[in-house]
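Colleague: Could you walk me through this model while I have it open? I would like to go through some helix packing, then the ligand site, then a single residue.

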Amino acid sequence: PYYGPSAEEILSKRCQFLSPAVFHFFKNPLNLVDGKMQYLFDEKGRRYLDAFGGIATVCCGHCHPEVVDAIVNQTKRLQHSTILYLNPAIAEFAEALAEKFPGDLKVVFFTNSGTEANELALLMARLYTGCHDVISIRNGYHGNAAGTMGATAQSSYKFNVVQTGVHHALNPDQYRGSFGSDGLKYAKDVEDIVTYGTSGRVAAFIAEAIQGVGGIMELAPGYLPAVYSTIKKAGGLYIADEVQSGFARTGSHFWGFEAHGVVPDIVTMAKGIGNGIPLGAVVTTPEIAKVLAYRSYFNTFGGNPVCTAAGHAVLKVIEKEKLQQNALTVGSYLKQRLTSLKDKYELIGDVRGRGLMLGVELVTDSQLKTPAKVETLNVMEQMKDMGVLIGKGGFFGNVFRITPPLCFTKEEADFLVDVMDYTLSKM
Ligand code: PMP
């Protein structure tokens, strides 16, 4: 039983005491008090199927017992800062995480968030190359501190921070982009930026393999290898932002970049890494990692024993429960069912994504691709009322984001699509 304050009381406190910038998707936001795997429960005990997983945050499932045990046991034993002393939790997790990477990507730096991880990656690239210019893709999201806000390329998330040396390349958007799925044509823009917008030398190119906040945008095939070769020639590093697409979510691979046949110089991660515990990481090569040894660099809580114990448990659960395979099987099935909805409703302009990172874009006119913003909100609200939670994203806010915990089943995929189908049929 729940004896706490009601949703209305919490909302009123939130308005009074918390940032005016906080947002929620629903007219009457939910007060969620319990979670169990792919289910969430509100204060009245009503159950919701969670197909948004806290924006790809909860990869093993809410309150997964093995992750909870790891956190509780480590908390009872010791929680401390990561500086000055040794502790087995951090070293063991770093080793296990490094094993998940190809090539020379073997050195791990822990942070508390995705923003911190990307800030650190940009700093390392700048130190390593001696250059300042960074190229990121339009519509991408990389964080909201000074440097990462510069690299983020959507006006909704940008304040007027000084944004030196950041260039935003054409988005290789296969649905709305001018070159369709021709990755090489979009990649030419990066070459032009290097030629016309920099000294010819750059520090880094940073990109998500599938833009999450940007509305589940898979980069056009052929784009990343071509850009990688351009960036190499310009002396720069390729930073793969795996904050959303990492940790088995895409099903076919453990990391999103792997589907593009490239090996980055630096990889950043957060969200799913700790199954909801604040943790982020930067993984790079020993040679690049050396740049941080020229001065004192530390992060008081990045990689603390409790968070790394959680991270290590997550890796074990992904392996033990074959969650990558599940993301592939259930994700492919779900995508196929969503694609057949597209044939039924003109409102659905596009269905895309990989594994359990799927997007459904709503448009009021399929030729003009006019964003169906109001309809998106309405469908989400009604699906919530029927017990299914999905997210939304994209620059226009007209893309459903479906990123459930990786333990999502085929039956739940069916339930989600049936509820979406019913809702759309009533529009
Ligand atoms: N990179 C990507 C791809 C993200 O989606 C986000 C968060 N939405 C971040 C970085 C920043 O992560 P955090 O909110 O943990 O700082």
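**Helix packing, ligand shell and one residue**

Modeller: Helix H12 (residues 373-385) packs against helix H13 (residues 410-425) with the axes 10 Å apart and at an angle of about 125 degrees; please keep in mind that this is a predicted model.

Colleague: So what do you call that arrangement of H12 and H13?

Modeller: An angle of about 125 degrees falls outside the ranges for roughly parallel, roughly antiparallel and roughly perpendicular, and therefore H12 and H13 are described as oblique to each other. Their crossing is right-handed.

Colleague: Which residues make the contact there?

Modeller: From H12 the contact uses Val379, Gln382 and Met383, and from H13 it uses Val419, Met420, Thr423 and Leu424. Sorted by class, the contact of H12 with H13 has five nonpolar and two polar residues, with no charged residues.

Colleague: OK, and H7 with H8, at what angle do they pack?

Modeller: Helix H7 (residues 183-197) and helix H8 (residues 223-233) pack at about 20 degrees, and their axes are 8 Å apart. As angles under 35 degrees count as roughly parallel, H7 and H8 are therefore roughly parallel to each other, and H7 passes H8 in a right-handed crossing.

Colleague: Which residues meet in that pair?

Modeller: On the H7 side they are Gly183, Leu184, Tyr186, Ala187, Val190, Glu191 and Val194, and these meet Tyr223, Ala226, Val227 and Thr230 in H8. By class, the contact of H7 with H8 has eight nonpolar, two polar and one charged residues.

Colleague: Switching to the ligand, how many residues surround it?

Modeller: The ligand is surrounded by 14 residues, of which the closest are Ser113, Gly114, Thr115, Gly143 and Val243. Helix H5 (residues 114-129) supplies the largest share of this shell, with three residues.

Colleague: And how do the residues of that shell divide by class?

Modeller: The shell around the ligand divides into eight polar, four nonpolar and two charged residues.

Colleague: Last one, Val67: where is it found, and is it buried or exposed?

Modeller: Val67 is found in helix H3 (residues 65-77), and it counts as buried because it has 26 C-beta neighbours inside 10 Å, where 20 or more are needed.

Colleague: What does Val67 touch, leaving out residues up to four places away in sequence?

Modeller: With those not counted, Val67 touches Cys60, Asn275, Ala310, Ala313, Val314 and Val317. In addition, Val67 and Gly311 are 8.1 Å apart in space, C-alpha to C-alpha, although 244 residues separate them in sequence.

Notes: Residues are numbered from 1 along each chain as its sequence is written. This is a predicted model: local features need pLDDT of at least 70, side-chain atom pairs count only at pLDDT 80 or more; totals for chains, interfaces and linings use all residues. Axes are lines fitted to C-alpha atoms, for helices over the stretch in contact, and angles run from 0 to 180 degrees between N-to-C directions. Helices (H or I, at least four residues) and strands (E, at least two) are DSSP runs, numbered from the N terminus. Angles under 35 degrees count as roughly parallel, over 145 as roughly antiparallel, 65 to 115 as roughly perpendicular and the rest as oblique. A crossing is left-handed if the near helix is turned anticlockwise from the far one by less than a right angle, and right-handed if clockwise. Two residues are in contact if their C-beta atoms, placed from the backbone, lie within 7 Å. Ala, Val, Leu, Ile, Met, Phe, Trp, Tyr, Cys and Pro count as nonpolar, Asp, Glu, Lys and Arg as charged, and the others, Gly among them, as polar. A residue is near a molecule or strand if its C-beta atom, placed from the backbone, lies within 6 Å of it. A residue is buried if 20 or more other C-beta atoms lie within 10 Å of its own, exposed if 12 or fewer, and partly exposed in between; C-beta atoms are placed from the backbone.
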